[in-house]
Amino acid sequence: MVRGLKKRWVVSCLGVTVIILLLAVLIFTFTVYVSYYNNVTNLLTTRADSSARLFRNYINTSPREFYAGAAAYAENFTEKDKLEFEVVDRDGRVIYSSSFSRLTGYVTGTPDVAKAISEENTASYSGIDSVTGQRVISATAPVYLSSGELVGAVRYVTGVENINSRIFTLSAGAVIVAAGGLLLVSVTGAYFLTSIIGPLNRINAAARTIASGRYGETIEYGREDEIGELVSSVNFMSREIDRSARVKNEFISSVSHELRTPLTAINGWAETLMADGTDPELQARGLEIIRDESRRLGNMVEELLDFSRAESGRMVLNNTLFDLNDQLEDTIFMMEQRLSQDGIHIVYTDATEDAYIRGDSQRIRQVLVNLIDNARKFSPPNSSIDVTIEACGAEAPNHVAVTVRDRGCGIDEEDLPHVREKFYKGKSDRAGSGIGLALCDEIIALHGGVLIIESAPGVGTAVTVRLPLA
């Protein structure tokens, strides 16, 4: 992953930066080149036009006067270190030059002279001088006498060494600036990449550690950014996995114990009856216990299967229209005998006329039985359980609520947010397998309702089922 990130960064970021900087240097160099050459060409053209006008206005009576004046002008030319001034006759031959190092009488090696004389207009040229083999910039302007006769031309020419040197200096500066920019991008990019890769490596290592079974592993990261959010999520996931693993282990231990109890009773009474099956009273008692424990065992297995179906989304509801009042009364009637054995009685309050809902009546009864049985488990002897059904009113219009309230030990504050989670049992030794309330919550949610739990230690617990009316 690290190598992949570095490669992608080099290709996508550094590579693009290099291309942009290279294009910028090339464009800058080309612009400077064109600008310098155009400026020098325009300058020479302007000088040639000015000199031609000077000769035409002041030295214009005859060819002899023109040549004499041109010779004096060439001899006294003050910019010999920068430019070369030449006087050309009508045949294109140089007759005077400000450069004594060059011979006169030769035909120039640039096309601007012939073009200026033939077209009788100022012409310029930038390129190789065929006579000297040097790269030059030149401009030629025709000269006329006062009579209008073409007497020759004046020409300015300069080499491009100095120009190229300046262009090279500026281009080198641009390259240095681009290299500095590239270095800055590389350093900052490498630092940024390192700040990402380091935490990602730690996250990857922590994920491998968690995958190996060491749940609860956390990562230290002090910044509040996107990676910090990812680290927080991984830490939260690790703690939740650790908690779920512990809850699962407790659930397995609890279920094993719950299964072992009826199996032990069944096995014990089966061996007793096999050893001594002659006593009718003992035989009847033993068979009754075996039947009860078998039913208990079957109910536990069915509860586990129901929870598995709900978790996987395979629980199918047989929805019909039924009166929740009737369902609740039947459930209370069914549970009363069991409650009376523990010295507990139900106080039932019906504050509704009709409470028709659309849903699976058997699943709703399963929820009601579970809630009343949970209240029984946590209620002390000779106490009461309040069961109420009423309309929700303005708080939840078109809904009905069933509340089961006990006066038992209550639920600790730290356990209350988790009692509906699967496998959670809390600290009470009266808790069952840890899936009863979780299954109830799933069933009520499938009916579009909510399960609300309120509790206070030493006071008791109230569980409310809120369902939409049909």
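Select Phe-85 to start: at 0% relative accessibility, this residue counts as buried. What you have open is a predicted model, so every value on this tour is computed from it.

**Stop 1: the rings around Phe-85**

Keep Phe-85 selected and add Tyr-73. The two rings form an edge-to-face aromatic pair, with 4.8 Å from centre to centre and 65° between the planes. Colour the chain by secondary structure and you will find Tyr-73 in helix H2 and Phe-85 in strand E1 (residues 84–88), 12 residues apart, so that the pair links distant parts of the chain. Is Tyr-73 buried or partly exposed? With a relative accessible area of 26%, Tyr-73 is partly exposed, because buried would require under 20%.

The structure holds nine aromatic pairs. For another of them, select Phe-55 and Phe-66, which are edge-to-face at 5.4 Å centre to centre, with 80° between the planes. Phe-55 belongs to helix H1 and Phe-66 to helix H2 (residues 63–75), so this pair ties together parts that are 11 residues apart in sequence. Both partners are out of reach of the surface by the numbers: Phe-55 is buried with a relative accessible area of 1%, and Phe-66 counts as buried at 0%.

Now show the whole group. Which residues do ring pairs link into a cluster here? They are Phe-55, Phe-66, Tyr-67, Tyr-73, Phe-77, Phe-85 and Tyr-156.

**Stop 2: Arg-90, further along the chain**

Go next to the loop between E1 and strand E2 (94–97), where Arg-90 has its place. Arg-90 counts as partly exposed, at 47% relative accessibility. Display the side chain of Glu-149 as well, and you can see a polar contact of 3.4 Å joining the side chains of Arg-90 and Glu-149. Leaving aside neighbours within four places in sequence, Arg-90 is in contact with Ile-117, Glu-149, Leu-150, Val-151 and Gly-152. Try the distance tool on Pro-142 too: Arg-90 and Pro-142 are 52 residues apart in sequence and 9.0 Å apart in space, C-alpha to C-alpha.

**Stop 3: a pocket**

Select Lys-82, Leu-83, Thr-158, Gly-159 and Asn-162. Of the 26 residues that line the second largest pocket, these lie nearest its centre. The volume of this pocket is about 620 Å³. Which elements each supply at least two residues of the lining? Helix H1 (2–58), strand E5 (150–159) and helix H4 (161–211) do, and H1 gives the largest share, five residues. Colour the lining by residue class and you will find eight nonpolar, eight polar and 10 charged residues.

**Stop 4: two backbone turns to look at**

Select Glu-120, in the loop between helix H3 (112–119) and strand E3 (123–128). Glu-120 has a positive phi of about 50°, although it is not a glycine. At 45% relative accessibility, Glu-120 counts as partly exposed.

Then jump to Asn-398, in the loop between strand E9 (384–391) and strand E10 (399–405). Asn-398 also has a positive phi, about 65°, without being a glycine. Is Asn-398 buried or exposed? At 52% relative accessibility, Asn-398 counts as exposed, because the cut-off for exposed is over 50%.

**Stop 5: Thr-464 and its surroundings**

Select Thr-464 in strand E12 (residues 460–468). Thr-464 is buried, with a relative accessible area of 11%. Show Thr-403 beside it: a polar contact of 3.1 Å joins the side chains of Thr-464 and Thr-403. Apart from neighbours within four places in sequence, Thr-464 is in contact with Ala-401, Val-402, Thr-403, Val-450, Leu-451 and Ile-452.

**Stop 6: helix H9 and Arg-358**

Move on to helix H9 (residues 436–446), where the buried residues include Leu-437, Leu-439, Ile-443 and Ile-444. After H9 comes Gly-448, whose phi is positive, near 80°.

Finish with Arg-358 in strand E8 (residues 356–359). Arg-358 counts as exposed, at 53% relative accessibility. Beyond neighbours within four places in sequence, Arg-358 is in contact with Asn-319, Thr-320, Leu-321, His-447 and Ala-470. For a last look across the model, select Ser-130 together with Arg-358: they are 228 residues apart in sequence and 104 Å apart in space, C-alpha to C-alpha.

Methods:
Residues are numbered from 1 along each chain as its sequence is written. This is a predicted model: local features need pLDDT of at least 70, side-chain atom pairs count only at pLDDT 80 or more; totals for chains, interfaces and linings use all residues. Side-chain values use heavy atoms; hydrogens and water are left out. Helices (H or I, at least four residues) and strands (E, at least two) are DSSP runs, numbered from the N terminus. Buried means under 20% relative accessible area, exposed over 50%, partly exposed in between (1.4 Å probe, protein chains only). A polar contact is a pair of N or O atoms within 3.5 Å; within protein, one must be able to donate a hydrogen and the other to accept it, and residues adjacent in sequence count only if both atoms are side-chain atoms. Contact means heavy atoms within 4.5 Å. On a 1 Å grid over the protein atoms alone, a cavity is a set of points where a 1.4 Å probe fits but cannot get out, and a pocket is an open set with protein on both sides within 12 Å along at least five of seven lines; lining residues have an atom within 4 Å of a point. Grid points are joined across faces, edges and corners, and a volume is the space filled by probe spheres set on the points. Ala, Val, Leu, Ile, Met, Phe, Trp, Tyr, Cys and Pro count as nonpolar, Asp, Glu, Lys and Arg as charged, and the others, Gly among them, as polar. Rings of Phe, Tyr and Trp (its six-membered ring) pair if their centres lie within 6.5 Å; planes under 30 degrees apart count as stacked, over 60 as edge-to-face and the rest as tilted.
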